[in-house]
Amino acid sequence: MCGIVGYIGSNGACKILIQGLKRLEYRGYDSAGMALVGNDGRLNVHKSKGKVANLEQTAAAGDTEGCLGIAHTRWATHGEPNDINAHPHVSQSGDIALVHNGTIENYAVLKKVLSDHGVEFKSETDTEVLVQLIEYIKLTSNCTLSEAVREALLQVEGAYAIAVVERGEPDTLIVARKSSPLVIGVGDNETFIASDATPIIGYTDKVIYLENDEMAVIKRGEPINIVSISSNLPSKIDIHKLRLSLAQLEKGGYDTFMLKEIFEQPATLCDCLRGRITPDGRRVVLSGVELNKQKFIEAERITLVACGTSWHAALIGKRLIQDFCQIPVEVEYASEFRYGNPVLGPKDIVISISQSGETADTLAAIQIAKQKGAFVYGVCNVVGASIPRATDSGTYIHVGPEIGVASTKAFTGQVTVLTLLALAIGQLRGAIDEEKVYEIASALKTMPKTIEETLKVDTEIQKLSRIFTYAHNFLYLGRGYNYPTALEGALKLKEISYIHAEGYPAAEMKHGPIALIDHEMPSVIIAPSDSLYDKIISNVQQVKSRGGAVVAIVSKGNTAMNDIADFCIEIPEVPECLTPLVASIPLQLLAYYIAVNKGKDVDQPRNLAKSVTVE
């Protein structure tokens, strides 16, 4: 869950590394550091607790000369966030520096062996064990650094993306990966490495996605050498073209990335939908489905696996697929799926959902599903990420880079793609009639304008947020398609404002949670004009009769709730299956403004990172 960046070329590395870390800071911001190898071979390491800005100040007071360097922004897994545990970590002699994303599972065993041989450790991290192991092998085997790195990686268990430099070697950078992402940017007489492509944009549009179990030795002025870690045989090098712009990585006049990404949703849904609905609105076309028709026609069951916000999208996807395709659907947390001995076979389809495409638990679930013979379909945002490369086929959501840690536009993109997927599969299986497809597809085509209309509640929600800024608990209630929307709304509030919130199916409230209702427990109730509207009116009355304040999300023009709820926020009326797309917008805004009122860092909330690449 950490961010790695590296550079080797003819320009000063420090400025490039700092800029790269700032773009990667959404991956972790407990501490940061960098190691620079000067042109004369000197190795200078700068580290600082806190955000990259702290490192920038620390480094400015020291030696930052050199055209080779590696850097890291950390989300702590082993050891508390402080200067000592910050990366890079150096070997006992101080000659080798290493940055690492991932977890070394057998670090305790390796650490004991190294300690027994006289190696002294300074930090609490698993990463220091790896750099000490590399030096120990290099010294005892009298081998090259690249040979020592490879041998050390054969001895470690776990996940890693690493970058290594050595004092006295200003022309060599070594990188490797296993179950943790790493990309190499190929420039003119310079090379960049990073956890994802964001630090590379603006320097080059040519990248190599390092594959699992691969190591690259990058030498100044020489072709990049990539080998398999396990076999030491050369790997094929495929250079891909990046299709991202610097503008997508900037705030564009907004105060925060999260607010920008909320307001980008009309545009991002345009990109998500482009070319996927025929001009007459009668048919949905997804290439991943078209190329694998028989798999979907013969499927006996579909299982959706995801984590966090993606899991909430999966719950909506389950209802969509069951309604439109008449096929049994299960939803699993990826972190539990891998340990539940899932029963799968050739007639099963597993759909993995991930914004980053690097979620460790979801990747593990994919591996298990493939081992058991299931067909695996990916729904992902990041082109070239690990999940789309690991799945049999899939669909990108195409909503652009999401920098804010709390997901917004990725959620609506995932729900949109899952709706398209359900329609496409339903058509293939003959489970949905053409008029129903036309109704939903037509509403999807106009969804960007509908979201634009929905965003006009911004000013109203800003005012409303002041009333509830200092609440200690919230209850979010929804039914049918909007039970998952309630879960997502509660998660958004928890993530960025640190207010405790729970999402529930509204009907389940009376089976326990109603005991919590009093004048200090506000409830947000999602109540669009759908088939369950009369039922949810009853649920609202149950809350009000116990003194609870109610904020209701209602369809425009429906005034039945006005005399019951304390506050009503109107959203455009859409087909029932699409209500999560519009209902989620005011929930995102409410969480955002409450967090801002509390003075919280909404883009980088405490203890969280964007890409969960460790277990």
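Ile397 is buried, with a relative accessible area of 0%; buried here means under 20% relative accessible area, exposed means over 50%, and partly exposed lies in between (1.4 Å probe, protein chains only). The model is predicted, so local features are reported only at pLDDT of at least 70 and side-chain atom pairs only at pLDDT 80 or more, whereas totals for chains, interfaces and linings use all residues. Residues are numbered from 1 along each chain as its sequence is written, and side-chain values use heavy atoms, with hydrogens and water left out.

Ile397 belongs to the loop between strand 19 (393-396) and helix 14 (409-429). Helices (H or I, at least four residues) and strands (E, at least two) are DSSP runs numbered from the N terminus. When neighbours within four places in sequence are set aside, the contacts of Ile397 are Cys272, Val379, Cys380, Asn381, Ala410, Gly413, Gln414 and Val417, where contact means heavy atoms within 4.5 Å. One of these partners, Val379, is 18 residues away from Ile397 in sequence, and the C-alpha atoms of the two are 6.9 Å apart.

The overall architecture comes next. The protein comprises 20 helices and 24 strands. Its radius of gyration is 25 Å, which agrees with the value near 25 Å for a compact globule of 615 residues; the radius is taken over C-alpha atoms, and the globule rule is 2.2 Å times the number of residues to the power 0.38. Along the principal axes, the C-alpha trace spans about 80 × 55 × 45 Å. Of the 615 residues, 61% are buried. Among contacts between residues at least 6 apart in sequence, 71% join residues that are at least 24 apart.

The surface and the charges can be described in similar terms. About 23,300 Å² of the protein is exposed, and carbon and sulfur atoms supply 48% of that area; accessible areas come from the Shrake-Rupley method with a 1.4 Å probe, and for residues only the protein chains shown count as cover. There are 59 positive and 73 negative side chains, with the centres of the two sets 2 Å apart. Lys and Arg count as positive and Asp and Glu as negative, while His and the chain ends are not counted; each charge is placed at NZ of Lys, CZ of Arg, CG of Asp or CD of Glu.

Aromatic rings provide another view of the interior. Rings of Phe, Tyr and Trp (its six-membered ring) pair if their centres lie within 6.5 Å, and planes under 30 degrees apart count as stacked, over 60 as edge-to-face and the rest as tilted. By this rule the protein has 10 aromatic pairs. In one of them, Tyr7 and Phe192 are tilted, at 5.2 Å centre to centre and 50 degrees between the planes. Tyr7 lies in strand 1 (residues 3-8) and Phe192 in strand 10 (residues 191-194), so this pair ties together parts 185 residues apart in sequence. Both Tyr7 and Phe192 are buried. The pair of Phe474 and Tyr476 is also tilted, because the ring centres are 6.0 Å apart and the planes stand at 40 degrees. Phe474 is buried at a relative accessible area of 1%, and Tyr476 is buried at 0%. These two residues form one aromatic cluster with Phe468 and Phe567.

Helix 5 (residues 145-155) contributes Leu145, Ala148, Val149, Arg150, Ala152 and Leu153 as buried residues. The buried residues of helix 5 pack against strand 6 (96-104), helix 4 (126-141), strand 7 (158-166), strand 8 (172-178), strand 12 (214-219) and strand 13 (225-228).

Several loops merit closer inspection. Asp63 is located between helix 2 (52-60) and strand 4 (68-74) and counts as partly exposed at 25% relative accessibility. Beyond its neighbours within four places in sequence, Asp63 is in contact with Leu36, Arg42, Asn44 and His46. The C-alpha atoms of Asp63 and Arg42 are 9.8 Å apart, and the two are separated by 21 residues in sequence.

Backbone geometry completes the description. His87 and Pro88 are joined by a cis peptide bond with omega of about 0 degrees, and Pro88 is in the loop between strand 4 and strand 5 (89-90). Asp213, although not a glycine, has a positive phi of about 65 degrees; this residue is in the loop between strand 11 (206-209) and strand 12 and is partly exposed, with a relative accessible area of 23%. Asn341, likewise other than glycine, has a positive phi near 50 degrees. Asn341 sits in the loop between helix 11 (334-337) and strand 17 (348-354) and counts as exposed at 59% relative accessibility.
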